[in-house]
Amino acid sequence: MREEEKKPTSTIRRILKQRWALSAIYIASAAIILAAAFLLQNSFDDSAKDGKEESAETGKNYGEPSVEVNSNLETIKMPVADADKSVIKKQFYDVNADEKAQEEALVFYNNRYEQNKGIDIAMEDGKSFDVKASLSGNVTKVQDDALLGNLVEVEHEDGVVTRYQSVKDIKVAVGDKVKQGQAIATAGKSQINEEAGVHVHFEIRKDNIALNPLDFVDKQASAIQSATEAEADKEETPAVEGSEADKETPAVEGSEADKETPAVEGSEADKETPAVEGSEADKEETPAVDETDKSTDLESGTDEEGSVPGEDTTEESDSLKDSLNQSN
């Protein structure tokens, strides 16, 4: 039995004592590790390919250009290469500005005054310059217009549109994808604002509502959405229907009724009735009773304290009569 138990152990020891044994073990171990790593790598590659295919299919379904994916994260820039050397010839017409600022933001043309829906930008030296895309987006309109000085319109996310008017030498076409800072045209002139000279009329619109570009320059495009939502909250229906109703309804139905009803039925009645029936009766009848009592007291010969003044005078008169009789 002992010999049988020792045979396997002695065989393994003999194998391990061979020179090639350890090398064979290392090689086998390395082969196993490499095979496992290769299998894992293949599995990772397959999953990555599946993810790319899914994202590609998702992009096809939505059909959105790649340049617009991060447009909300871009910082809005002035549509010029060097903003420090630019000047604003005419400001945006702000309904909340003072009267003088509003007058300066009016455009006079053909005997009519028009509100400026953007800002008119020119260079200090009055020379022409390249008009740059303020944000990345898709060109949706290119229009020749002698009055406005031609027009390029670029659409962005969330209903935001930038307009570039009074331009020439347009370098883009409808359907083109433009990146922020890309030259899209050259500044020119327009008939509607000749006094501005060579300039570009720049607008930012949200859902076709003109906004002041200077309020959003150097801010992320998402600030436009936040600003419009804040304005919408201020102009909500409860501010008109709730507050005004609360102010008007009590004034007509409650307060006026409360003021009028007591005045006619209660107060006037209280004022008139006591004056005729109560107060006058008290004034006229009560003194009559008091005088009657006094006259009764006088006739009865008693004063207020119950004494009889007549008796003293009678005694005095009797004593005088006696003294006169004696003297006679």
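**Close-up views of a predicted model**

**View 1. A patch of negative charge on the surface.** In this predicted model, the residues D98, E99, E103 and E104 gather on the surface, where they make up a patch of negative charge. One of these residues, E104, belongs to helix α3, which covers residues 99-104.

**View 2. A nonpolar patch on the surface, supplied by two helices.** The side chains to look for here are those of I12, L16, L22, I25 and Y26, which form a nonpolar patch on the surface and together have about 520 Å² of accessible area. Helix α1 (2-16) and helix α2 (19-62) each supply at least two residues of this patch, and I12 is a residue found in α1. The helix that gives the most to the nonpolar patch is α2, with three residues.

**View 3. Stretches of the chain with low pLDDT values, below 50.** For the chain, the mean pLDDT is 73, and 60% of the residues reach 70 or more. Over residues 55-69, however, the pLDDT is below 50, and this stretch has 14 contacts in the model beyond near neighbours in sequence. Residues 239-314 form another stretch where pLDDT stays under 50, and for these residues the model has 33 contacts beyond four places in sequence.

Technical notes
Residues numbered from 1 in each chain as written. Predicted model: local features only at pLDDT ≥ 70, side-chain atom pairs only at ≥ 80, totals over all residues. Heavy atoms only, no water. pLDDT = per-residue confidence, 0-100. Contact = heavy atoms within 4.5 Å. Patch = residues over 30% accessible without salt bridge, like charges linked within 9 Å, V, L, I, M, F, W, Y side chains within 5 Å. Areas by Shrake-Rupley, 256 points an atom, 1.4 Å probe, with all protein chains shown as cover. Salt bridge = Lys/Arg side-chain N within 4 Å of Asp/Glu carboxyl O. Lys, Arg positive; Asp, Glu negative; His and termini not counted. Charge placed at Lys NZ, Arg CZ, Asp CG, Glu CD. Helix = DSSP H or I, 4+ residues; strand = E, 2+ residues; numbered from the N terminus.
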